[in-house]
Amino acid sequence: MANLLLMPAKSDDFVKKVAAFDALSPAARAHLKSLKGKKVIGVRAVHVGQGDFTAVRSEDGKAVFYFDVGGGCHAGSRSYPWHRTKTPARTLGACFEHSLSPYVFLSHWDHDHWFSAENLTAIAQSHFIAPRQMIAPSHLKTKQRIMPNVRLWPRDEKIVEIQLTTGHGLLIESCSGDEGGDPNHSGLALTLVRYKQRVVRSTGALSVAVHKDAASITHARYRELILLPGDAPYHYVRSLGNQALRDGGRYIGLLAYHHGSQSEWSSATAYAPTANANTHRAGYTYGIKPDNKGCYSSMPGSDAVQGMKDKGWTDRKNTSGAAPLLSALNDQRELDPPRTTPVQEGDIDIEFP
Ligand SMILES: [Zn+2]
């Protein structure tokens, strides 16, 4: 067990409960095998307030796996849509479709990306694949509930490609930030791909290709891609270091990193993949109301949204319709008209054409 989770010394007990994960090992392949044969049509970013909760879905609407199971917490704890209506259309239990016993990939260990595991037993009992990161001592107690089911993805430059079906696949990578630094920068990123030509395999084995780095990816094999970066600014997403891939116009969807936040990272939108000219959708997943204070008070940020538009991402959909676009300090540009008409809020679907 060479890989250990970086944690404060007091939490050694937790380290023993969390297994490291070698993406190349037979055990890992067996662990991931349940993904094989699952046809994916795209992703659904579920509106859970301030947080990310994203289902990768099959054509019959079932969740094949999840990327983050977060939700509003702390300053955003009342940002759920069901907290703002007396007759909610649904609550958390209806958000988690788990008829296929879906795995949960965690982008990183910030609370708004896994908080719903605390509130719903069905989520807590799922298998988790998560990044190796420093965990705040204040979170250790609540994390105990899911720790027995967690495997930690290795931290290296490799990008693992799993062929799910003859037509679709999945890239899994560890972002390049320092694992002892900001957790936003060193988490997992996923990319769904649709292949140009159907790759036919007759064996029952899980097809796993390991690219030793971003440059080793054969970008021409992909017809379309959907990027899920979590809260990682795009320059920490290793696969985007492949410039032919990043700027080839094949990305038809992504979720804006860090909920489209206006922050010192807005300049990272320059590293966003170039949007497909014919069809694309950028999802912004936030749920805070503009009168809320705190680190989530500036989502989406005008600079981040403009930066995304500069890369071709003109179709923007928010999970929350309540917050106006907040302009940067001392920046009077009005990118969105005032919200004089109701803006529909809800889940964001991004699907392969
Ligand atoms: Zn977040």
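## Exercises on strands and a helix

Ala 19 stands opposite Arg 151 in strand 7. With that pair as a starting point, here are three exercises on this predicted model.

**Exercise 1.** Find which strands stand at the edges of the eight-stranded open sheet.

*Solution.* Begin with the pair above: strand 1 and strand 7 (residues 150-153) are parallel and share two bridges. Next, write out the strand order, which is 1-7-6-5-4-3-2-16, with mixed pairing. Now look at the ends: strand 1 (19-20) and strand 16 (348-351) each have a single partner strand, so one side of each lacks a neighbour in the sheet.

**Exercise 2.** Work out how strand 14 (residues 281-284) is paired and where its side chains point.

*Solution.* Take one partner at a time. Strand 13 (residues 251-255) runs parallel to strand 14, with three bridges between them; here Leu 255 is matched with Gly 283. Strand 15 (residues 316-318) is also parallel to strand 14, again over three bridges, and Ala 282 has Arg 316 as its bridge partner. For the side chains, recall that in a regular strand they alternate between the two faces of the sheet. Accordingly, Arg 281 and Gly 283 point one way, Ala 282 and Tyr 284 the other, and all are buried.

**Exercise 3.** Identify what the buried residues of helix 8 pack against.

*Solution.* First list the buried residues of helix 8 (residues 302-310): Ser 302, Asp 303, Ala 304, Val 305, Gly 307 and Met 308. Then follow their contacts, which lead to strand 14 and strand 15. Finally, step just past the helix: Gly 312 has a positive phi of about 100°.

How values were computed. Residues numbered from 1 in each chain as written. Predicted model: local features only at pLDDT ≥ 70, side-chain atom pairs only at ≥ 80, totals over all residues. Buried ≥ 20, exposed ≤ 12 C-beta atoms within 10 Å, placed from the backbone. Helix = DSSP H or I, 4+ residues; strand = E, 2+ residues; numbered from the N terminus. Pairing = 2+ DSSP bridges. Contact = placed C-beta atoms within 7 Å.
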